[in-house]
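Here is a short briefing to read beside the sequence and the 3D view. Keep both open as you go through the points.

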Amino acid sequence: MSEFRSIRALAIVLRHADWGEADRLVTLYTREQGKLRAVAKGARKINSRKAGHLEPFTHVKLQLARGRSLFIVTQADTVEAFLSLRETLEMTGTASYVVELLDRFVYEDEGPNPSLFRLLAETLKRLADGEEPWLAVRYYEMRLLDFLGFRPQLFECANCGRKIKAEDQFFSFSTGGVICPRCGRGLPNLTSISVSALKYLRHFQRSSYAESKRAQPTSEVQDEVEVLMQGYFTYLLERELNSPGFLRSIRPSSSSPNSK
Ligand SMILES: [Zn+2]
């Protein structure tokens with residue numbers, strides 16, 4: 001296994017926790033290595049030069065040294081601080097949701113996914129620049145599903161394969177797609193989805209962000225789409241909890257934040 005002692009990486013800070021007396025353990029999503037954790041020595045000291053660069057949501061350029069079990073942050077320079085994400089509770093809440101969603105689906109040993117890194121950085125930038133949060137977040141969710149391999153089937157019935165017509169439908173979290181009214185009547189555990197909500201989901205799935213911005217759903221449709229996506233993510237996360245990836249991530253051999 002070829003390993004470099006020191007690496008450079010572009011990263012988004014997902015979260016941090018106290019570590020030892022004065023250090024901080026930061027969880028990062030990096031362009032070069034995917035998700036990883038690194039210790040920032042002395043980051044809780046008042047005069048720390050690293051601390052300000054390692055707040056959650058920050059886009060940062062890092063130099064990392066490979067320690068025995070964790071990386072050590074040897075240098076940190078902010079690319080974009082996204083300070084406006086910390087201005088209101090609502091902004092912070094939205095940015096936290098964006099970061100946490102990725103954090104919960106992606107594991108440390110999965111390796112890099114530069115598209116995912118770019119999506120995360122772009123989404124935080126859109127929110128920081130004052131783009132409409134509902135739209136920025138829904139677009140993020142739809143692309144995230146693509147990159148994670150959970151792209152929902154929205155154009156053909158996920159049960160019989162027939163082309164979906166312009167009418168109210170059902171949605172199945174377990175098959176990950178729309179179910180036509182004919183199949184839906186005989187199947188358990190389906191959610192209903194209106195023809196308008198489906199129209200916007202399709203629009204986000206096949207459009208660029210610039211094109212997505214032309215969508216102007218009513219607040220009822222906004223709520224419906226949001227609830228549906230939340231339901232799908234909740235279902236997927238619960239299923240992930242039983243997956244080998246999750247078990248790997250909580251295995252005792254992976255260093256716990258309390259061990260020094
Ligand atoms: Zn069908």
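Which residues coordinate the zinc ion? The job falls to C157, C160, C180 and C183, each through its SG atom, at 2.3 to 2.4 Å. Keep in mind that this is a predicted model. The protein chain has 260 residues, with eight helices and eight strands.

**The zinc site**

- The angles among the four donor atoms of the zinc ion run from 103 to 115 degrees, and the site is tetrahedral. For four tetrahedral donors, the ideal angle at a metal is 109.5 degrees.
- Along the chain, the donors of the zinc ion are spaced as C-x2-C-x19-C-x2-C.
- C157 sits in the loop between α3 (133-148) and β6 (169-172), while C183 sits in helix α4 (residues 181-184). The pair therefore ties together parts that are 26 residues apart in sequence.
- Are C157 and C183 buried or exposed? Both C157 and C183 are buried.
- C180 has a relative accessible area of 10%, so this donor is buried too.
- C160 has 32% relative accessibility, so this donor counts as partly exposed. The range for that label begins at 20% and ends at 50%.
- The structure holds zero disulfides.

**Helix α3**

- How far apart are the end C-alpha atoms of α3? They are 22 Å apart. That agrees with expectation, because 16 residues at 1.5 Å a residue should span 22 Å.
- In α3, 12 of the 16 residues are buried, so the helix is largely enclosed by the rest of the structure.
- Among the buried residues of α3 are W134, Y139, Y140 and L145. The buried set also includes residues such as R138, E141 and R143.
- Just after α3 comes G149, with a positive phi of about 90 degrees.

**Strands that pair**

- Strand β1 (residues 6-19) pairs with strand β4 (residues 59-66). The two are antiparallel, with seven bridges.
- A11 has V60 in β4 as its bridge partner.
- β4 also runs antiparallel to strand β5 (residues 71-80), and eight bridges join them.
- Which residue does H59 stand opposite in β5? H59 faces E80 there.
- Four residues make up the hairpin connection from β4 to β5.

**R126 in its setting**

- R126 belongs to helix α2 (residues 114-128).
- Its relative accessibility is 15%, so R126 counts as buried. The cut-off for buried is under 20%.
- Which residues does R126 contact, once neighbours within four places in sequence are left aside? They are E131, A136, Y139 and Y209. Two of these names have come up already: A136 and Y139 are buried residues of α3.

**Backbone angles to check**

- Most residues other than glycine have a negative phi.
- F57 is not a glycine, yet its phi is positive, at about 80 degrees. Look for F57 in the loop between β3 (34-40) and β4. With a relative accessible area of 5%, F57 is buried.
- N189 is not a glycine either, and its phi is positive, at about 55 degrees. Look for N189 in the loop between α4 and β8 (191-193). At 72% relative accessibility, N189 counts as exposed.

**Distances across the chain**

- N189 and A215 are 26 residues apart in sequence. Their C-alpha atoms are 30 Å apart in space.
- E110 lies in the loop between α1 (89-105) and α2. With 44% relative accessibility, E110 counts as partly exposed.
- How many Å separate the C-alpha atoms of E110 and Q169? The separation is 36 Å, and the two residues are 59 residues apart along the chain.

**The whole chain**

- The C-alpha trace spans about 65 × 40 × 30 Å along its principal axes.
- Of the 260 residues, 47% count as buried.
- Take the contacts in the protein chain with a separation of 6 or more: residues 24 or more positions apart account for 58% of them.

Notes. Residues numbered from 1 in each chain as written. Predicted model: local features only at pLDDT ≥ 70, side-chain atom pairs only at ≥ 80, totals over all residues. Heavy atoms only, no water. Donors = N, O, S within 2.8 Å, 3.2 Å for Na, K, Ca; no water. Tetrahedral: all angles 85-135°; square planar, octahedral: opposite > 155°, others 65-115°. Buried < 20%, exposed > 50% of the residue type's maximum accessible area, 1.4 Å probe, protein only. Expected span 1.5 Å × (residues − 1). Pairing = 2+ DSSP bridges. Contact = heavy atoms within 4.5 Å. Disulfide = S-S within 2.5 Å.
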